[in-house]
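Student: Please take one part of this model and look at it closely, telling me where it sits, what it touches and how the rest of the chain is arranged around it. I would like each term explained with its cut-offs as it comes up.

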Amino acid sequence: MTGTDHEHSESVVVAAQWLADQSNPPHPVVPALRGRFGLSALEACEAAALARKFRTSRQAFA
């Protein structure tokens, strides 16, 4: 699985949506996502990357 073929778990998507909606995101983000959503380190990194894509898409279509 690579690129757009990769499917994220529901918890990763929920965390990414939450992070993308934050006007002042937590720092450091990985520990914050792990604590708030119970994600593994890898899942938290995936959520952070996905949130960046969500924010970029919002800006492109705004």
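Tutor: Helices here are DSSP runs of H or I with at least four residues, strands are runs of E with at least two, and the elements are numbered from the N terminus. The part I will follow is helix α1, beginning with valine 12, which lies in that helix. This is a predicted model, in which local features need pLDDT of at least 70 and side-chain atom pairs count only at pLDDT 80 or more, while totals for chains, interfaces and linings use all residues. Residues are numbered from 1 along each chain as its sequence is written, and side-chain values use heavy atoms, with hydrogens and water left out.

As a setting for α1, the chain has three helices and zero strands, giving the pattern α-α-α when read along the sequence. Of its 62 residues, 19% count as buried, a term that means under 20% relative accessible area, with exposed meaning over 50% and partly exposed what lies in between (1.4 Å probe, protein chains only). Valine 12 has a relative accessibility of 0% and therefore counts as buried. Leaving aside residues up to four places away in sequence, valine 12 touches Leu39, Glu43, Glu46 and Ala47, where a contact means heavy atoms within 4.5 Å. One of these partners, leucine 39, is 27 residues away from valine 12 along the chain, and the two C-alpha atoms are separated by 7.5 Å. In the chain as a whole, 52% of the contacts between residues at least 6 apart in sequence join residues at least 24 apart.

In the segment before α1 sits serine 9, which counts as partly exposed because its relative accessibility is 33%. Serine 9 is 38 residues from alanine 47 in sequence, with 9.6 Å between their C-alpha atoms.

Turning to the packing of α1 against α3, their axes come within 8 Å and cross at roughly 50 degrees; axes are lines fitted to C-alpha atoms, for helices over the stretch in contact, and angles run from 0 to 180 degrees between N-to-C directions. Angles under 35 degrees count as roughly parallel, over 145 as roughly antiparallel, 65 to 115 as roughly perpendicular and the rest as oblique, and α1 and α3 are therefore oblique to each other. Their crossing is right-handed, which is the word used when the near helix is turned clockwise from the far one by less than a right angle, left-handed being the word for an anticlockwise turn. The α1 residues that meet α3 include Val12, Ala16 and Asp21, and the α3 residues they face as a group include Glu43, Phe54 and Arg58.

This interface also holds a salt bridge, meaning a side-chain nitrogen of Lys or Arg within 4 Å of a carboxyl oxygen of Asp or Glu. Side chains of opposite charge can pair when their charged atoms come close. By the rule just given, the count comes to one salt bridge, in which the side chains of arginine 58 and aspartate 21 meet at 2.8 Å, N to O. The two lie 37 residues apart, in distant parts of the chain, with aspartate 21 in α1 (residues 10-21) and arginine 58 in α3 (residues 41-60). Arginine 58 has a relative accessible area of 41% and so is partly exposed.

On the side of α2, α1 packs at an angle of about 125 degrees, with the axes 11 Å apart, so these two helices are oblique to each other, and α1 passes α2 in a right-handed crossing. Val14, Ala15, Trp18 and Leu19 in α1 meet Val29, Leu33, Arg36 and Phe37 in α2. Rings of Phe, Tyr and Trp (its six-membered ring) pair if their centres lie within 6.5 Å, and planes under 30 degrees apart count as stacked, over 60 as edge-to-face and the rest as tilted. The whole structure yields one aromatic pair: the rings of tryptophan 18 and phenylalanine 37 have centres 5.6 Å apart and planes at 65 degrees, so the pair is edge-to-face. Tryptophan 18 belongs to α1 and phenylalanine 37 to α2 (residues 29-37), so the pair ties together parts that are 19 residues apart in sequence. Phenylalanine 37, with a relative accessible area of 23%, is partly exposed.

The loop between α1 and α2 contains proline 28, and the peptide bond leading to proline 28 from histidine 27 is cis, with omega near 0 degrees.
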